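Student: Hi, could we go through this structure together? I have not looked at it before, and I would like to take it piece by piece.
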Amino acid sequence: MAQASKNSRTGSATQKFFCSCGGEVRMKTLFENGKIKNIAECEKCKRLERRPSDFK
Ligand SMILES: [Zn+2]
């Protein structure tokens with residue numbers, strides 16, 4: 001725990017992505033067939049993409 005500051009810069013990197021509708025894209029974690037799956041969802045239009053960078 002004492003060494004946490006060393007990697008804090010990369011660990012707390014929160015990139016923001018925005019959908020073409022202007023809504024903010026949030027990451028969601030889903031469980032599918034026992035696997036953890038991360039998807040990106042627009043808060044406004046509920047559009048789903050595999051990656052936040054797919055919102056253009
Ligand atoms: Zn949207």
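Student: How many residues sit between S2 and S3 in their hairpin?
Tutor: This is a predicted model, and in it S2 and S3 form a hairpin with 2 residues between them. One residue to look at in the turn is Asn33, which has a positive phi of about 55°.

Student: What is notable about that phi of Asn33?
Tutor: The value near 55° is positive in a residue other than glycine. As background, most residues other than glycine have a negative phi.

Student: And is Asn33 buried or exposed?
Tutor: Asn33, which lies in the loop between S2 and S3, counts as exposed because it has 5 C-beta neighbours inside 10 Å, and a residue with 12 or fewer is put in that class.

Student: Okay, now the strands on either side. How many bridges join S2 to S3?
Tutor: Strand S2, covering residues 24-32, and strand S3, covering residues 35-42, run antiparallel and are joined by 8 bridges. Among the facing residues, Leu30 has Lys37 in S3 as its bridge partner, while Arg26 stands opposite Glu41 in S3.

Student: What holds paired strands together in general?
Tutor: Strands of a sheet pair through backbone hydrogen bonds, and the pairing can be either parallel or antiparallel.

Student: Let me zoom out, then. What is the order of the strands in the sheet?
Tutor: The sheet is an open one of 4 strands, in the order S1-S2-S3-S4, with antiparallel pairing. Its edge strands are S1 (17-18) and S4 (48-49), each of which pairs on one side only.

Student: What else does the chain have besides strands?
Tutor: Alongside its 4 strands the chain has 1 helix, and reading along the sequence gives the pattern α-β-β-β-β.

Student: Back to S1. How many bridges does S1 make with S2?
Tutor: S1 and S2 pair in the antiparallel sense over 2 bridges, and Phe17 has Val25 in S2 as its bridge partner. These two strands also form a hairpin, with 5 residues between them, and Gly22 in the turn has a positive phi of about 100°.

Student: Which other residue has a positive phi without being glycine?
Tutor: Lys46 is one, with phi near 60°. Lys46 is found in the loop between S3 and S4, and it is exposed because 10 other C-beta atoms lie within 10 Å.

Student: New topic: which residues is Glu24 in contact with, beyond its neighbours within four places in sequence?
Tutor: Glu24 has its place in strand S2, and, with those neighbours left aside, it is in contact with Lys16, Phe18 and Glu43. The C-alpha atoms of Glu24 and Glu43 are separated by 5.7 Å, although these residues are 19 residues apart along the chain.

Student: Why does Glu24 count as partly exposed?
Tutor: Glu24 counts as partly exposed because it has 14 C-beta neighbours inside 10 Å, which falls between the limit of 12 or fewer for exposed residues and that of 20 or more for buried ones.

Student: Last one: what share of the whole chain counts as buried?
Tutor: Of the 56 residues of the chain, 9% count as buried. As for contacts with a separation of 6 or more, residues 24 or more positions apart account for 27% of them.

Terms used: Residues are numbered from 1 along each chain as its sequence is written. This is a predicted model: local features need pLDDT of at least 70, side-chain atom pairs count only at pLDDT 80 or more; totals for chains, interfaces and linings use all residues. Two residues are in contact if their C-beta atoms, placed from the backbone, lie within 7 Å. Two strands pair if DSSP finds at least two bridges between them.
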